[in-house]
Amino acid sequence: MTPGLIPQPDIGYSEQDRAVPRLSMRLALLVTLRIDFLEELRMAGPLTITASNFETEVLQATTPVLLDFWAPWCGPCRVVAPAVEEMAMQYAGKLKVGKLNVDDDPAVAQRYGITGIPALLFFEGGHVVDTVIGAVPKSTLQQHVDGVLGNA
């Protein structure tokens with residue numbers, strides 16, 4: 001007798017009856033794996049950096065950090081955003097990627113002399129080690145990331 005099935009008097013079980021619990025278990029496993037995968041993708045995306053978490057997430061980070069200074073109204077910021085998000089996923093665990101809204105936290109932008117956006121600053125050991133200004137192609141951003149990570 002298959003575990004989980006309740007025998008009925010005078011009826012046997014067909015192969016189809018036996019397959020239903022197996023399919024349900026497989027479906028539940030696939031749903032769980034999909035949820036875990038989506039959660040990993042979400043975690044691999046850019047972090048939201050604010051004045052309150054800047055020190056911890058950027059200056060005290062144990063990996064290099066790519067910080068995108070941006071604003072919602074900025075067209076060039078929207079152009080470069082997909083490349084920044086792709087870098088976050090591609091280099092998860094090697095490069096921390098964050099986005100700081102300059103409208104919400106102007107003091108952090110002023111501290112680093114940000115006068116135009118998008119401005120992409122690379123931090124390592126709490127210091128700026130590279131800067132990219134403007135909506136650059138993904139290939140240019142990739143070269144800067146590789147340079148910071150020593151992959152050049």
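By the criterion applied here, in which a disulfide is a pair of cysteine sulfur atoms within 2.5 Å, the count comes to one disulfide. The structure is a predicted model, in which local features need pLDDT of at least 70 and side-chain atom pairs count only at pLDDT 80 or more, whereas totals for chains, interfaces and linings use all residues. Residues are numbered from 1 along each chain as its sequence is written, and side-chain values use heavy atoms, with hydrogens and water left out.

The disulfide is formed by C74 and C77, whose sulfur atoms are 2.4 Å apart. The link of C74 and C77 is right-handed, with 80 degrees about the S-S bond. Relative accessible area is evaluated with a 1.4 Å probe on protein chains only, and a residue is termed buried under 20%, exposed over 50% and partly exposed in between. On this scale C74 counts as buried at 3% relative accessibility, and C77 is likewise buried, with a relative accessible area of 3%. Of the 152 residues of the chain, 34% count as buried.

The secondary structure comes to five helices and five strands, these elements being DSSP runs numbered from the N terminus (helices, H or I, at least four residues; strands, E, at least two). Read along the sequence, the elements follow the pattern α-β-α-β-α-β-α-β-β-α. With contact taken to mean heavy atoms within 4.5 Å, 67% of the contacts between residues at least 6 apart in sequence join residues at least 24 apart.

Two strands are taken to pair if DSSP finds at least two bridges between them, and under this rule an open sheet of five strands is obtained, with the order β1-β3-β2-β4-β5 and mixed pairing. The edge strands are β1 (47-49) and β5 (127-133), each of which pairs on one side only. From one strand to the next, the twist averages 30 degrees, where axes are lines fitted to C-alpha atoms, for helices over the stretch in contact, and angles run from 0 to 180 degrees between N-to-C directions. Strand β1 pairs with β3 (residues 96-101) in the parallel sense over three bridges, and the bridge partner of I49 in β3 is L100. Helix α5 (residues 138-149) packs on the sheet, where it touches β2 (65-70), β4 and β5, and the direction of this helix makes about 10 degrees with that of β4.

Aromatic pairs were assigned where the ring centres of Phe, Tyr and Trp (its six-membered ring) lie within 6.5 Å, with planes under 30 degrees apart counted as stacked, over 60 as edge-to-face and the rest as tilted. By this rule the count comes to three aromatic pairs. One of them, formed by F54 and Y112, is tilted, with 5.7 Å centre to centre and 55 degrees between the planes. This pair links distant parts of the chain, since F54 is in helix α2 (residues 54-59) and Y112 in the loop between α4 (106-111) and β4 (119-124), 58 residues apart. F54 is buried, with a relative accessible area of 2%, whereas Y112 counts as partly exposed at 23% relative accessibility. F54 and F123 form an edge-to-face pair, with 5.9 Å centre to centre and 80 degrees between the planes. Because F54 lies in helix α2 and F123 in strand β4, the pair ties together parts that are 69 residues apart in sequence. F123 counts as buried at 1% relative accessibility. Ring pairs thus link F54, Y112 and F123 into a cluster.

The surroundings of this cluster also include L59, a residue of helix α2 that is in contact with F54, R111, Y112, F123, G125 and G126 when neighbours within four places in sequence are left aside. L59 is buried, with a relative accessible area of 16%. The C-alpha atoms of L59 and E124 are separated by 7.7 Å, although these residues are 65 residues apart along the chain. For Y112, with neighbours within four places in sequence again left aside, the contacts are F54, L59, L121, F123 and V128. Y112 and V128 are 8.9 Å apart in space, C-alpha to C-alpha, and 16 residues apart in sequence.

A further side-chain arrangement involves K99, whose charged end sits over the ring of W70, 5.0 Å from its centre; the criterion requires NZ of Lys or CZ of Arg to be within 6 Å of the ring centre and within 35 degrees of the ring normal.
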